[in-house]
Structure formats: structure tokens, C-alpha cells
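Student: I'm new to this structure and would love a close look at one part of it. Could you pick a part and take me through it step by step?

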Amino acid sequence: MSRRTDTRDISNASDHVLKNVRGFVGGVEELLRATAHFSGEGLAAARSRVEGQVEDLRESIGDAQAFALDQTRRAAHDTDRYVHKKPWQAIGIAMAAGVVLGYLSNRR
């Protein structure tokens with residue numbers, strides 16, 4: 001039960017971070033578009049560096065999403081395999097979790 005809560009918390013936190021990073025990238029891209037008509041060697045070099053960093057960040061986000069999706073699929077597959085291999089233990093675990101959740105919900 002604690003692991004499931006931890007997983008949900010991690011998922012919510014990662015969604016929040018991903019949303020913030022996407023917002024940041026969008027803001028940087030908007031800034032780059034807004035300053036496109038400005039000239040100068042230093043500005044052009046800075047724009048080029050920032051554009052490269054934004055592209056690297058996009059690739060990193062894509063890799064992180066792919067990794068998280070792969071881990072989720074793997075966990076679902078492992079859980080399915082465990083339940084099929086040991087159905088009575090899975091039923092017992094589910095029943096115990098239900099009893100604990102019922103007890104905790106009645107305490108509040």
C-alpha cells in the first residue's frame with residue numbers, strides 16, 4: 001500500500017515537473033521568436049546556444065517519458081505474471097489491503 005502511494009506521489013510530482021519544464025521551454029521559444037529581429041554577434045551566439053539547449057532538453061524529456069512508460073509497462077507485466085502465478089496470495093494481499101483501507105477510512 002505504501003509503495004502504491006509512493007508511486008502515485010512520484011507520478012504526480014513528475015507530471016508537475018514535466019508541466020513546468022514544458023512551460024519553461026515554451027517561454028524560451030517565445031522569447032527566441034520575439035528577439036529574432038534583433039541583431040548582433042553576441043545575441044546570435046546566445047540564441048544559438050539557447051536553441052541547442054532547448055533541443056537537448058526536449059530530447060531528455062522524451063527519453064524520460066519513454067523510460068517511465070517502459071517501467072510502467074514492465075511493472076504491469078510483472079504484476080500480471082505474479083497474479084497468474086500465485087492467485088491466492090494476490091487475493092489475500094488484496095483482501096488485507098481492503099481491510100486496512102476500511103479501518104483507516106473508519107478512523108477519520
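Tutor: **A close look at helix 2**

Among the elements of the protein, helix 1 (residues 2-34) has the lowest mean pLDDT, 71, while helix 3 (residues 87-107) has the highest, 90. Here pLDDT is the predictor's confidence in each residue, from 0 to 100. This is a predicted model, in which local features need pLDDT of at least 70, side-chain atom pairs count only at pLDDT 80 or more, and totals for chains, interfaces and linings use all residues. Residues are numbered from 1 along each chain as its sequence is written, and side-chain values use heavy atoms, with hydrogens and water left out.

Let's set the scene. The protein has 3 helices and 0 strands, following the pattern α-α-α along the sequence. Helices (H or I, at least four residues) and strands (E, at least two) are DSSP runs, numbered from the N terminus. The average pLDDT is 80, and 87% of the residues score at least 70. Where pLDDT is low, the predicted coordinates should not be read in detail. Of the 108 residues, 8% count as buried; buried means under 20% relative accessible area, exposed over 50%, and partly exposed in between (1.4 Å probe, protein chains only). The protein exposes about 9,200 Å², with carbon and sulfur atoms supplying 58% of that area. Such areas come from the Shrake-Rupley method with a 1.4 Å probe; for residues, only the protein chains shown count as cover.

Now to our part. Helix 2 spans residues 41-85 and includes aspartate 56. Glutamate 51 is in helix 2 too, and its relative accessible area of 38% makes it partly exposed. Its C-alpha atom is 8.0 Å from that of glutamate 29, although the two are 22 residues apart along the chain.

Next comes a patch of negative charge on the surface, where Glu55, Asp56, Glu59 and Asp63 gather. Patches are made of residues with over 30% relative accessible area and no salt bridge, joining like charges within 9 Å and nonpolar side chains (Val, Leu, Ile, Met, Phe, Trp, Tyr) within 5 Å. Lys and Arg count as positive, Asp and Glu as negative, and His and the chain ends are not counted. A charge is placed at NZ of Lys, CZ of Arg, CG of Asp or CD of Glu. Aspartate 56 counts as partly exposed because its relative accessibility is 47%.

The whole structure holds 2 salt bridges, each a side-chain nitrogen of Lys or Arg within 4 Å of a carboxyl oxygen of Asp or Glu. One joins arginine 74 to aspartate 70, at 3.1 Å from N to O. Both residues lie in helix 2, 4 residues apart, or about one turn of the helix. Arginine 74 is partly exposed at 42%, and so is aspartate 70 at 35%. Aspartate 78 forms a salt bridge with arginine 81, their closest N and O atoms being 3.4 Å apart. About one helical turn separates aspartate 78 and arginine 81, because they are 3 residues apart in helix 2. Aspartate 78 is partly exposed at 35%.

Finally, Tyr82, Val83 and Ile93 make a nonpolar surface patch of about 250 Å². Valine 83 has its place in helix 2 and is partly exposed, since its relative accessible area is 36%.
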